[in-house]
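Reader: Could you walk me through the ligand site of this model, and a few backbone details too?

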Amino acid sequence: MTSKKLALASNNQNKIFELKKILTTGFSLLTPKELGLVFEVEETESTFEGNARLKSEHLYKISGLPSVADDSGICVSALNGDPGVYSAYYGKPGFTDRDRTEFLLEEIKGNPDRAAYYFCCIAYTDGNGTKFFTGKCEGILAEDYDESGFGFGYDPIFIYPPLKKRFSQISPEEKNKVSHRGIALREFAKFLLG
Ligand code: IMP
């Protein structure tokens with residue numbers, strides 16, 4: 001079976017790693033770098049769908065290949081759903097992922113409401129237009145930062161209740177089975193494979 005070429009609208013190594021792990025059979029995922037393209041899009045929309053669309057449509061325009069983009073983030077109940085679409089920029093300019101995560105912990109320090117969820121919107125653009133696939137994963141925010149684990153972004157503080165573990169304490173394979181991105185991507189793969 002020949003694999004279908006898809007352009008992947010991301011420069012984020014962690015996302016690329018997770019996406020490539022899920023979209024395996026039947027697909028050949030090419031990053032902007034692998035296509036020799038410079039891909040920079042300002043995420044100016046206020047919804048996950050809006051930003052995912054900006055990215056997939058821009059990449060389709062410059063690559064001519066069917067293009068897929070992910071926009072995702074964490075929505076915290078005690079912060080009325082923030083940082084949401086702004087998760088990548090939360091806190092102050094120059095913050096690392098860890099700074100942002102520790103800043104979030106400070107913002108909700110002492111608050112008994114620890115509910116949060118990750119949300120992911122996948123946008124897919126080809127000659128027929130743009131389609132969306134979404135996934136949500138509910139969790140509980142820890143009181144401290146897990147220094148020993150792996151995972152990226154907010155994973156060191158995100159506890160997934162059914163496993164009683166943080167996303168930083170489970171393997172990428174286990175995470176993909178239950179994560180917002182895994183759910184959205186499996187829907188997308190179903191659509192693509194017909
Ligand atoms: P964007 O989709 O590039 O705007 O960035 C989404 C941001 O949300 C990331 O930079 C992370 O901070 C956070 N995020 C999204 N998905 C995950 C995840 O699976 N684990 C940890 N953080 C995530």
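Author: Happy to; we start with the ligand and then turn to the protein itself. This is a predicted model, in which local features need pLDDT of at least 70, side-chain atom pairs count only at pLDDT 80 or more, and totals for chains, interfaces and linings use all residues. Residues are numbered from 1 along each chain as its sequence is written, and side-chain values use heavy atoms, with hydrogens and water left out.

Reader: How many residues surround the ligand?

Author: A residue counts as near if one of its heavy atoms lies within 4 Å of the ligand. Lys15, Ser72, Asp155, Lys175 and Arg181 are the closest, and the number surrounding the ligand is 17.

Reader: Which element gives the most residues to that shell?

Author: Helices (H or I, at least four residues) and strands (E, at least two) are DSSP runs, numbered from the N terminus. Two or more residues come from β3 (67–76) and from α5 (180–193). With four residues, the element that gives the most is β3.

Reader: Which residue has a polar side-chain atom 2.9 Å from a nitrogen atom of the ligand?

Author: Polar contacts to the ligand are pairs of N or O atoms within 3.5 Å. Tyr118 has a polar side-chain atom 3.3 Å from a ligand nitrogen, and a polar backbone atom of Tyr154 is 3.2 Å from one. The side chain with the 2.9 Å distance belongs to Arg181.

Reader: Why are Arg53 and Glu57 separated by about one helical turn?

Author: A salt bridge here is a side-chain nitrogen of Lys or Arg within 4 Å of a carboxyl oxygen of Asp or Glu. Arg53 and Glu57 form one, with their closest N and O atoms 2.9 Å apart. They are about one helical turn apart because they sit four residues apart in helix α2 (residues 48–63).

Reader: Which residues does a cis peptide bond join?

Author: Look in the loop between β3 and α3 (97–107), where Pro83 lies. Asn80 is also placed in the loop between β3 and α3, and its phi is near 55°, a positive value in a residue other than glycine. The cis bond, with omega about -5°, joins Asp82 and Pro83.

Key
A polar contact is a pair of N or O atoms within 3.5 Å; within protein, one must be able to donate a hydrogen and the other to accept it, and residues adjacent in sequence count only if both atoms are side-chain atoms.
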